[in-house]
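Open the model in your viewer and keep the selection box handy. Each stop below says what to select and what to find there.

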Amino acid sequence: MPDGWEWDSTLFQGCAAYYERGRLPYAPGFAETLAAALGLDGRGRLLDVGCGPGTVILPLARFFAEAVGVDPDADMLAEAERQAGRRGVTNARWVAARAEDLPAGLGTFRVVVFAQSFHWTDRDRVAATVRDMLEPGGAFVHLSDLKNPPADPAPLPLPAPPYARIGELVRRYLGPVRRAGQGTLANGTPDREDLVLARAGFEDVERHVVPAGAVADRTADDVVAWVFSQSGSAPHLFGDRLADFERDLREVLRRTSPDDRFAERLPATEIMIWHKPHGVR
């Protein structure tokens, strides 16, 4: 878990309503890539820990008999259920729980996925629990945007969102140390999942990179939604200064692009897969 930080229920409070509009999607075909890598055939069960509004579990659900999404934020689960209905996904169900609450009587799974959520957990404890919840040969999957991709020489057709200036504005309102729920992240969130999972007894790691690269047109409303979908700038953190912050944020955007139109390149998706040994129950 991040140094000096304790989880609380306000970590993503108010963010769910902004996810679909604000967050860039994972690379097209990420679900098919994972299905091919694991030989998924419509059998077995999927567990998505920290499922949020269903971003990953819903595209993957068709490759399993049942999909279970776990998240501690009730608004995230409500949005996931709404999205499932909109997409016609009928084999998913939703459980309000933290990763540390597992196994929570949920049973055994073929695949457990963490999509940019593992770093918020007590990782050694959760990894050991997940290993016990997987069937022999089952897979622990970590999915994220590809970090530090090579620069694309092709220019964007519109200005990129001014993320550095947005970060400066957030710090002006919320202070120099990144906020996270009721606490702060003085040293950021931890990495090196490979060491954690090796300690838990996982093996045979695989890495898959799913390319993207298409250019997404973004409006000022999209970028504002992105800001409010982040834990470090969740709406509740601004208190009675929320309207002032949004006004200043839109002014920053307008200075960058007077017609409030932006472009950014969709990131590739990195899929890391670790396996539970076949002889371990």
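**Stop 1: two helices**

Select helix α6 and helix α9. How does α6 pass α9: in a right-handed or a left-handed crossing? The crossing is right-handed. Keep in mind that this model is predicted.

Now colour the contact. On α6, pick R165, I166, L169, V170, R172 and Y173. On α9, pick D244, F245, R247, D248, L249, V252, L253, R255 and T256. Sort these residues by class: 8 are nonpolar, 1 is polar and 6 are charged.

Next, look along the two axes. α6 spans residues 163-174, and α9 spans residues 242-256. Their axes lie 10 Å apart, and the packing angle is about 160 degrees. Angles over 145 degrees count as roughly antiparallel. The two helices, α6 and α9, are therefore roughly antiparallel to each other.

**Stop 2: the sheet**

Select the strands. An open sheet holds 7 of them, with mixed pairing. Trace the order: β3-β2-β1-β4-β5-β11-β8. Which strands are at the edges? They are β3 and β8, and each of these pairs on one side only. Strand β8 covers 203-210. Step across the sheet and follow its twist, which averages 20 degrees from one strand to the next.

Zoom in on β5 (residues 134-145) and β11 (residues 269-275). These two strands pair in the antiparallel sense, over 7 bridges. Select A139 to see one partnership: its bridge partner in β11 is H275. Strands of a sheet pair through backbone hydrogen bonds.

Now add the helices that pack on this sheet. Show α4, residues 74-87, which touches β2 (66-71) and β3. The direction of α4 makes about 175 degrees with that of β3. Then show α5, which touches β1 (45-49), β4 and β5. The direction of α5 makes about 135 degrees with that of β5.

**Stop 3: a residue in β4**

Select V111, in strand β4. Is V111 buried or exposed? It is buried, because its relative accessible area is 2%, and buried means under 20%.

Show what surrounds V111. Leaving aside neighbours within four places in sequence, its contacts are L38, L40, R45, L46, L47, F64, L134, A139 and V141. You have already met A139, the bridge partner of H275.

Try a distance too. Pick the C-alpha atoms of V111 and T33: they are separated by 14 Å. Along the chain, the two residues are 78 apart.

**Stop 4: backbone exceptions**

Most residues other than glycine have a negative phi, and most peptide bonds are trans. Here are some exceptions.

Select L102 and P103. The peptide bond from L102 to P103 is cis, with omega near 10 degrees. P103 lies in the loop between β3 (92-96) and β4 (109-115).

Move on to Q116. What is its phi? Phi of Q116 is near 55 degrees, a positive value in a residue other than glycine. Q116 sits in the loop between β4 and α5 (123-133). Its relative accessibility is 28%, so Q116 counts as partly exposed.

Finish at R192. Its phi is also positive, near 55 degrees, and R192 is not glycine. Look for R192 in the loop between β7 (183-184) and α7 (193-199). With a relative accessible area of 44%, R192 is partly exposed.

Definitions and conventions. Residues numbered from 1 in each chain as written. Predicted model: local features only at pLDDT ≥ 70, side-chain atom pairs only at ≥ 80, totals over all residues. Heavy atoms only, no water. Axes fitted to C-alpha atoms, helices over the stretch in contact; angles between N-to-C directions. Helix = DSSP H or I, 4+ residues; strand = E, 2+ residues; numbered from the N terminus. Parallel < 35°, antiparallel > 145°, perpendicular 65-115°, else oblique. Left-handed = near helix turned anticlockwise from the far one by under 90°. Contact = heavy atoms within 4.5 Å. Nonpolar A, V, L, I, M, F, W, Y, C, P; charged D, E, K, R; others polar. Buried < 20%, exposed > 50% of the residue type's maximum accessible area, 1.4 Å probe, protein only. Pairing = 2+ DSSP bridges.
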